[in-house]
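Me: Please take me through one part of this model closely, residue by residue where that helps. After that, I would enjoy a tour of the surroundings and of the way the other pieces pack.

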Amino acid sequence: MEQLEQLEQAKQAALKYISARMHTRQEVKQQLQKKGYESGIIREVTAFLEEYRYLDDAAYCRSWIHDRVQFHPCGRQKMAFELEKKISDRQLVQQSLDEYFPEEQELKLAMAAAMKKIESSRSAVSREQIGRFLYTRGYGGSLVNRVLHDETIHEMIENSRQGQCNNNF
């Protein structure tokens, strides 16, 4: 009886935890561990939640990537790092990024970020500064090089330098 009662309490705790927003299997597991439930109970609860589709790491990835692109854009590397903290299945994370965040979309976001950085800068910017800026936002080396070699970006950087020179007189 004790075991069944503990299982029901763990289910209720998990359901309460996931009621506010989507969570991953790993997050639910950690929450139940923090509450002191045994690993066997935790396995049963997560299996129950997955069976009734309350837990779905693939759906979580899809939703998280969509929201991140819309509201806080960054590169694939940063997204992968952040998702892998929430989901232990690296293959699922990579498949989700490949499917829901194609390279061309990432390039557009990187270009937009670089343009915004150049336009908002009060002083002249260099290619190196833009490169470092993009790296810190999680964009990979080959993508950063593509952005830095883009003619529009190159012209904007040169114009920022000329504007700075003209402001000194």
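Reply: Let's begin with a cut-off: a residue counts as buried when its relative accessible area is under 20%. Please keep in mind that this is a predicted model. The part I would pick is Arg76, which sits in helix 5, a helix running over residues 76–86. Arg76 has a relative accessibility of 17%, so this arginine counts as buried. What does Arg76 touch, once its neighbours within four places in sequence are set aside? Its contacts are Gln94, Leu97, Asp98, Phe101, Glu106 and Gly138. One of these partners, Glu106, is itself among the buried residues of helix 7.

Helix 7 deserves a moment of its own. Its buried residues are Leu107, Leu109, Ala110, Met111, Ala113, Ala114 and Ile118, along with Glu106. The helix has 18 residues and covers 26 Å from its first C-alpha to its last, close to the 26 Å expected at 1.5 Å a residue.

Both helix 5 and helix 7 turn up again around helix 4, since the cover over the buried residues of helix 4 includes helix 2, helix 5, helix 6 and helix 7. Which residues of helix 4 are buried? They are Asp57, Ala59, Tyr60, Cys61, Trp64, Ile65, Arg68 and Val69. A useful reminder here is that an α-helix has 3.6 residues a turn, so residues three or four places apart point the same way. The length of helix 4 also checks out: its 15 residues, 57–71, should span 21 Å at 1.5 Å a residue, and its end C-alpha atoms are 21 Å apart, which agrees.

Just before that, in the loop between helix 3 and helix 4, you will find Arg53. Its phi is near 60°, a positive value in a residue other than glycine. In contrast to the buried Arg76, Arg53 counts as exposed because its relative accessibility is 70%. In helix 3 itself, Glu44 counts as partly exposed at 42% relative accessibility. Gln94, which we met as a contact of Arg76, is 50 residues from Glu44 in sequence, and their C-alpha atoms are 27 Å apart. Over in helix 6, Glu99 is exposed at 56% relative accessibility. The C-alpha atoms of Glu99 and Glu119 are 32 Å apart, with these positions 20 residues apart along the chain.

Now for the helix pairs. Helix 1 (residues 2–19) and helix 2 (residues 25–34) cross at roughly 130°, their axes coming within 10 Å, and the two are therefore oblique to each other. Their crossing is right-handed. Helix 1 brings Ala10, Ala13, Ala14, Tyr17 and Ile18 to the meeting, and helix 2 brings Glu27, Val28, Gln31 and Leu32. By class, that contact has seven nonpolar residues, one polar and one charged.

Further along the chain, helix 8 (residues 127–136) packs on helix 9 (residues 141–148) at an angle of about 140°, with axes 10 Å apart. This crossing, too, is right-handed. Arg127, Ile130, Gly131, Leu134 and Tyr135 make the contact from helix 8, while Gly141, Val144, Val147 and Leu148 make it from helix 9. Sorted by class, these are six nonpolar, two polar and one charged.

Methods
Residues are numbered from 1 along each chain as its sequence is written. This is a predicted model: local features need pLDDT of at least 70, side-chain atom pairs count only at pLDDT 80 or more; totals for chains, interfaces and linings use all residues. Side-chain values use heavy atoms; hydrogens and water are left out. Helices (H or I, at least four residues) and strands (E, at least two) are DSSP runs, numbered from the N terminus. Buried means under 20% relative accessible area, exposed over 50%, partly exposed in between (1.4 Å probe, protein chains only). Contact means heavy atoms within 4.5 Å. Axes are lines fitted to C-alpha atoms, for helices over the stretch in contact, and angles run from 0 to 180 degrees between N-to-C directions. Angles under 35 degrees count as roughly parallel, over 145 as roughly antiparallel, 65 to 115 as roughly perpendicular and the rest as oblique. A crossing is left-handed if the near helix is turned anticlockwise from the far one by less than a right angle, and right-handed if clockwise. Ala, Val, Leu, Ile, Met, Phe, Trp, Tyr, Cys and Pro count as nonpolar, Asp, Glu, Lys and Arg as charged, and the others, Gly among them, as polar. The expected span of a helix is 1.5 Å times one less than its number of residues.
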